[in-house]
Every structure is written in C-alpha cells, then in structure tokens.
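Grab a pencil and work through these short exercises on charges, sulfurs and buried side chains. Try each task yourself before you read its solution.

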Amino acid sequence: MTTISSKEQKRLALIQKGEALFAYERELYQRGARYVIGIDEVGRGALAGPVTAAAVILGPRWDPSCAPGLDDSKKLSAKRRFELADQLAECAQSSIAHVDANIIDERGIMTALYQAMRLAVEGLETQLGFSLSADDKVLIDGLPIGLFPQEEAIVKGDGKIACIAAASILAKVARDNLMHSAADSHPAYGFDSNKGYGSSQHQDALAQKGLSQLHRRTFCRNFLQDTLF
C-alpha cells in the first residue's frame, strides 16, 4: 500500500480546489465558447498610482496542477501571489493594462477602471489575433457593468472562478511591482510598502511633501491643505 505524504496530500487538495474553480469555464467551453476571459482590477481606492486590470484566458484544456492553490489574490500572501503569477505565465494567456493618475483625475475612477478593463481585453485580442464573438464569455468580478456584450458578472468571482482568480493575482502582482519600482524615485511616500494606499506613513508624507506626479489629486484632498488644490 502506497502512503501519500502530507505535503502531497496538500498539493492534491489544492489541485482539486483548482478543478472546482475551473468547472464553470469548462462548462462554457463545452457549450461552444471559443474564448472565456476573466477580468479583475486592483488599485481602485489608492491615493497614488494607476488602476490596473488583468484579462486572462486559461483555455479549454487548462490543467489546475500548473498553478496549485489558485485563489482570490486577497486570500494569498505576497510570496504566494508572486509564485502563482510566475506559474500562470507558463499556462495562461494574459494582458495587463494600467490607467494612470492623471486620467483618474480627469475622467473619474470608474471611467478609468473601465478603460483599463477594455485595454486589457483588447491586449488579449491583439496578442492572440482574435475578436470576441457572441458565443464567447467575459467574466467579471462583482456586479454587472455592461462593458462587454459577452459580459457575465459573478459576485465574489475572484474566489469562485479560475480565470477571474488568475486575473486578480496578475493584476495585483503587476501593480505591486510598478509601485515598488516607483519607490526608488519617490522614497518619501513608502510606495514599496503601502503600494499607494493611504497608510499613516503615506498620509504624513503627503502633509509634509505634498503631491508627486503619481498622486491622484482628487483622492488626496483630505490629506492636504485646500490651498494646494
């Protein structure tokens, strides 16, 4: 009788969870979809940096063992997100889009968010040389937004649907990497740790140093003197 180690048991359990997350996508492919795209975004509530969206296609023959432990990025450690992002690079097709702070200030966060989502999907279409058809699906996390004719919104989809979970990880890792790099040229704000969100260190730096070109002016009003706007 073969004894399975506890480590292997854990790995198999993670793969089984991945199978469950992929079940709905597999069903969509079996119904005739050529492409099933998952979209998620990050950075909506930050004070600085872009809003970022990822669009991901896993494909009809995706193997969950290539990225065991796939889940909503918020449930994963930073180390595990980076590991999964590397694994997904080998077994998924993805496109990342960033929309910068100046666009957020000019057009509003939701318009910028939708622009990032569109750009991410268009990036996949260009990369793979296809256009979405009526039979395809675009799965988004949350409530309906009507951005794509093929759209289906799934509440808490980043913890239920494999391609949305993958998108949540890739968007988070891409934006975190960008903000970590920004910390080199803007050391006062602690972007390497807060990623542009409103930590106490970040708020103190805003009060002392004012805005950088990475900051969203419309998001920073509460942390600066009115005379700066």
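**Exercise 1. Is Cys66 buried, partly exposed or exposed, and what is its sulfur bonded to?**

Step 1. Cys66 has 23% relative accessibility, so it counts as partly exposed. The cut-offs: buried is under 20% relative accessible area, exposed is over 50%, and partly exposed is in between (1.4 Å probe, protein chains only).

Before going on, keep in mind that this is a predicted model, where local features need pLDDT of at least 70 and side-chain atom pairs count only at pLDDT 80 or more, while totals for chains, interfaces and linings use all residues. Residues are numbered from 1 along each chain as its sequence is written, and side-chain values use heavy atoms, with hydrogens and water left out.

Step 2. Now look for the sulfur partner: Cys66 forms a disulfide with Cys91, with 2.2 Å between the sulfur atoms. The cut-off for a disulfide is a pair of cysteine sulfur atoms within 2.5 Å.

Step 3. Place the two ends. Cys66 sits in the loop between E2 and H2, Cys91 is in helix H2, and 25 residues separate these distant parts of the chain. (Helices are DSSP runs of H or I with at least four residues, strands are E runs of at least two, and both are numbered from the N terminus.)

Step 4. Check the twist: the angle about the S-S bond is 65°, which makes the link of Cys66 and Cys91 right-handed. A search of the whole structure finds one disulfide.

**Exercise 2. Why does Cys163 have no bond to Cys91?**

Step 1. Find the closest cysteine sulfur to that of Cys163: it belongs to Cys91.

Step 2. Read the distance. The gap is 13 Å, so the two sulfurs are too far apart for a bond.

Step 3. Check the surroundings: Cys163 has a relative accessible area of 0%, so it is buried.

**Exercise 3. Which residue pairs with Asp158 in a salt bridge, and where do the two sit?**

Step 1. Recall the idea: side chains of opposite charge can pair when their charged atoms come close. The rule here asks for a side-chain nitrogen of Lys or Arg within 4 Å of a carboxyl oxygen of Asp or Glu.

Step 2. The partner is Lys74, with the closest N and O atoms 2.9 Å apart. Asp158 lies in the loop between E5 and helix H5 (162-185), and Lys74 in the loop between strand E2 (51-57) and helix H2 (78-91), 84 residues apart.

Step 3. Compare the ends: Asp158 is buried at 5%, whereas Lys74 is exposed at 64%.

Step 4. Widen the view: Asp72, Lys74 and Asp158 are linked in a network of salt bridges.

**Exercise 4. How far apart along helix H5 are Asp176 and Lys172?**

Step 1. Count along the helix: they are four residues apart, about one turn.

Step 2. Check the charges: Asp176 and Lys172 form a salt bridge, 3.3 Å between the closest N and O atoms. Both residues are buried.

**Exercise 5. What does the side chain of Thr52 make a polar contact with?**

Step 1. Locate Thr52: it lies in strand E2, and at 0% relative accessibility it is buried.

Step 2. Its side chain makes a polar contact with the side chain of His98, at 2.7 Å. (A polar contact is a pair of N or O atoms within 3.5 Å; within protein, one must be able to donate a hydrogen and the other to accept it, and residues adjacent in sequence count only if both atoms are side-chain atoms.)
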